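Subject: A structure for you to look at

Hi there,

Here is the structure I promised to pass on. Please open it and keep it beside you while you read my notes below.

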Amino acid sequence: MKVLVTGVGGQLGHDVMNELNKRGHEAVGVDIDEMDITDESSVKRVFAEIDPQVVVHCAAWTAVDAAEDRENISKVYAVNAKGTEYIANECKRSDCKMIYISTDYVFDGQGTTPWEADCKDYKPLSVYGKSKLEGELAVSGVLEKYFIVRIAWAFGTNGKNFIKTMLRIGKTNASVRVVCDQIGTPTYTYDLARLLVDMAESEKYGYYHATNEGGYISWYDFTKEIFRQAGYATEVVPVTTAEYGLSKAARPFNSRLDKSKLTESGFKPLPDWRDALKRYLAAQGADNGTN
């Protein structure tokens with residue numbers, strides 16, 4: 001199976017490439033230097049050269065706060081919405097499967113009920129969320145052979161993430177303030193990559209939610225466990241989103257994603273997030289306080 005992976009320089013794209021290679025698939029990874037997804041001619045050229053059977057579309061603008069800056073808004077939509085539409089159009093022309101990585105930010109994050117994968121009650125609160133929703137609608141509007149996979153709180157070995165930030169801050173500070181009223185579940189990109197390749201090898205198309213198992217937690221809970229596993233004595237101080245007050249973009253309070261459709265469709269759920277964290281820290285060397 002020949003698979004084109006966009007955003008190969010990021011956390012998820014990196015892990016998807018490794019998983020594809022591990023299984024013996026022909027994986028071709030591209031980043032902006034090889035394919036500028038905001039340039040339709042660039043997308044057409046790469047598709048003509050590679051002629052993929054599956055596209056795993058990991059490339060995205062993910063800087064949520066920067067997306068709110070006036071000078072960036074058009075760029076965010078060019079990447080997350082229009083770029084995704086260009087790729088979907090080429091997948092349609094070449095009868096190619098497409099896996100699009102989306103986000104809990106397409107919902108308004110209100111209430112406490114987990115969001116179901118097929119829920120269409122979209123009310124994104126941020127530029128990032130709105131642009132990712134437009135990407136979703138482009139994929140579902142153009143294609144029949146698609147997987148739209150919503151994730152939350154992603155972390156991986158390749159690139160920046162919340163864990164790396166907390167370990168850096170926790171190493172030099174006696175205490176850290178962390179939000180306690182935003183609830184969700186982390187997603188280890190190493191585990192997610194395995195699921196995405198499982199999907200690529202199937203024809204069980206549709207919308208899915210995919211985060212690690214282990215229940216719903218707050219960022220505060222997550223940080224406590226990060227420090228516990230890494231052997232840090234840093235105090236974690238819980239604060240509300242309002243008290244924290246540093247974010248430009250509105251964050252969803254309720255990022256609980258219902259993942260039951262995965263098992264209903266025969267896919268293997270991701271492992272417990274605590275186990276994922278343990279494996280991640282071991283891979284980073286952070287369990288010895290070296291990160």
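In this predicted model, helix α7 (residues 219–230) packs against helix α10 (residues 273–284), with the two axes 10 Å apart and at an angle of about 45°. An angle that is neither under 35 degrees, nor over 145, nor from 65 to 115 counts as oblique, so α7 is oblique to α10. Their crossing is right-handed.

Which residues make the contact between α7 and α10? On the α7 side they are Phe222, Glu225, Ile226, Gln229 and Ala230, and α10 brings Trp273, Arg274, Leu277, Lys278 and Leu281. Sorted by class, this contact has six nonpolar, three charged and one polar residue.

Now for the aromatic rings. Searching the whole structure gives 18 aromatic pairs. One of them joins Phe107 and Trp115: this pair is stacked, at 4.5 Å centre to centre and with 5° between the planes. Are these two residues buried or exposed? Phe107 has a relative accessible area of 1% and Trp115 is at 9% relative accessibility; buried means under 20%, so both count as buried.

Another pair, Trp219 with Phe222, is tilted, with 45° between the planes and 6.4 Å centre to centre. Both residues lie in helix α7, three residues apart, which is about one turn of the helix. Trp219 and Phe222 are buried as well.

Finally, try finding the aromatic cluster formed by Trp153, Phe155, Phe162, Tyr188, Tyr190, Trp219, Phe222, Trp273 and Tyr280. You will recognise Phe222 and Trp273 from the contact of α7 with α10.

Happy exploring!

Technical notes. Residues are numbered from 1 along each chain as its sequence is written. This is a predicted model: local features need pLDDT of at least 70, side-chain atom pairs count only at pLDDT 80 or more; totals for chains, interfaces and linings use all residues. Side-chain values use heavy atoms; hydrogens and water are left out. Axes are lines fitted to C-alpha atoms, for helices over the stretch in contact, and angles run from 0 to 180 degrees between N-to-C directions. Helices (H or I, at least four residues) and strands (E, at least two) are DSSP runs, numbered from the N terminus. A crossing is left-handed if the near helix is turned anticlockwise from the far one by less than a right angle, and right-handed if clockwise. Contact means heavy atoms within 4.5 Å. Ala, Val, Leu, Ile, Met, Phe, Trp, Tyr, Cys and Pro count as nonpolar, Asp, Glu, Lys and Arg as charged, and the others, Gly among them, as polar. Rings of Phe, Tyr and Trp (its six-membered ring) pair if their centres lie within 6.5 Å; planes under 30 degrees apart count as stacked, over 60 as edge-to-face and the rest as tilted. Buried means under 20% relative accessible area, exposed over 50%, partly exposed in between (1.4 Å probe, protein chains only).
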